[in-house]
Amino acid sequence: MAREEVRTVCPYCGVGCGIILEVENDRIAKVRGDTAHPANGGRLCTKGSSCDKPLLSDQRLHQALIRPQRGNLTEGLYIGLDYEKVCFVEKKFP
Ligand code: SF4
């Protein structure tokens with residue numbers, strides 16, 4: 001499968017450096033700075049150049065979690081939802 005380039009922005013800080021992700025077989029094969037981006041001109045700091053690591057982690061959440069009761073941090077009270085459905089959940093705060 002050919003490598004595809006995905007132009008995006010670093011998720012870590014407000015500088016918003018341009019990033020190009022090289023994707024092969026639905027996996028990020030390489031992260032590099034976008035030389036055409038005005039904020040960073042192709043340069044990335046350590047965080048930006050390793051921004052693919054959390055995406056590849058086996059500890060990454062596979063669904064959105066909703067805490068229906070504010071102030072209660074008990075893990076068992078979180079409700080898991082598919083990412084596709086989470087945009088349609090009505091916000092209910094007292
Ligand atoms: S690469 Fe570094 S400086 Fe640029 S947005 Fe990411 S964290 Fe910020």
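**Close-ups of a predicted protein model with a ligand**

**View 1. Meet the shell around the ligand.** The residues around the ligand are C10, Y12, C13, V15, G16, C17, L44, C45, K47 and G48; being around it, or near it, takes a heavy atom within 4 Å. Sorted by class, this shell holds 7 nonpolar, 2 polar and 1 charged residues. Here Ala, Val, Leu, Ile, Met, Phe, Trp, Tyr, Cys and Pro go down as nonpolar, Asp, Glu, Lys and Arg as charged, and the others, Gly among them, as polar. A quick word on the model: it is a predicted one, where local features need pLDDT of at least 70 and side-chain atom pairs count only at pLDDT 80 or more, while totals for chains, interfaces and linings use all residues. Residues are numbered from 1 along each chain as its sequence is written, and side-chain values use heavy atoms, with hydrogens and water left out.

**View 2. Now step back to the whole chain.** The protein chain has 3 helices and 5 strands, and from the N terminus on they run β-β-β-α-α-β-β-α. Both kinds of element are DSSP runs numbered from the N terminus: helices are H or I with at least four residues, strands are E with at least two. Of the 94 residues in the protein chain, 20% count as buried. Buried means under 20% relative accessible area, exposed means over 50%, and partly exposed is in between (1.4 Å probe, protein chains only).

**View 3. Look inside, at the largest nonpolar core.** Its 8 residues are C10, C17, I19, L21, V23, I28, V31 and C51. Such a core is a set of buried Ala, Val, Leu, Ile, Met, Phe, Trp, Tyr and Cys residues joined through side-chain atoms within 4.5 Å. Strands β2 (18-24) and β3 (27-33) each supply at least two residues of this core, and the largest share, 3 residues, comes from β2. Zoom in on C17, a residue of this core that also sits around the ligand. Skipping neighbours within four places in sequence, C17 is in contact (heavy atoms within 4.5 Å) with T8, V9, C10, H37, A39, N40 and L44.

**View 4. Follow the hairpin of β2 and β3.** The two strands run antiparallel and are joined by 6 bridges; strands pair if DSSP finds at least two bridges between them. One partnership to spot is I19 with G33 in β3. The hairpin has 2 residues between its strands. In that loop between β2 and β3 you'll find N25 and D26. Neither is a glycine, yet N25 has a positive phi of about 55 degrees and D26 has one of about 60 degrees. N25 counts as partly exposed because its relative accessibility is 49%, whereas D26 counts as exposed because its relative accessible area is 72%.

**View 5. Spot two buried acidic side chains, E22 and D52****.** E22 lies in strand β2 and counts as buried because its relative accessibility is 11%. In sequence E22 and E5 are 17 residues apart, but in space they are 4.7 Å apart, C-alpha to C-alpha. Neighbours within four places aside, E22 is in contact with R3, E4, E5, R27, I28, A29, K30 and R32. D52 lies in the loop between α1 (46-49) and α2 (53-56), and D52 counts as buried because its relative accessible area is 7%. Again leaving out neighbours within four places, D52 is in contact with I28 and V31, and both of these belong to the core of View 3.
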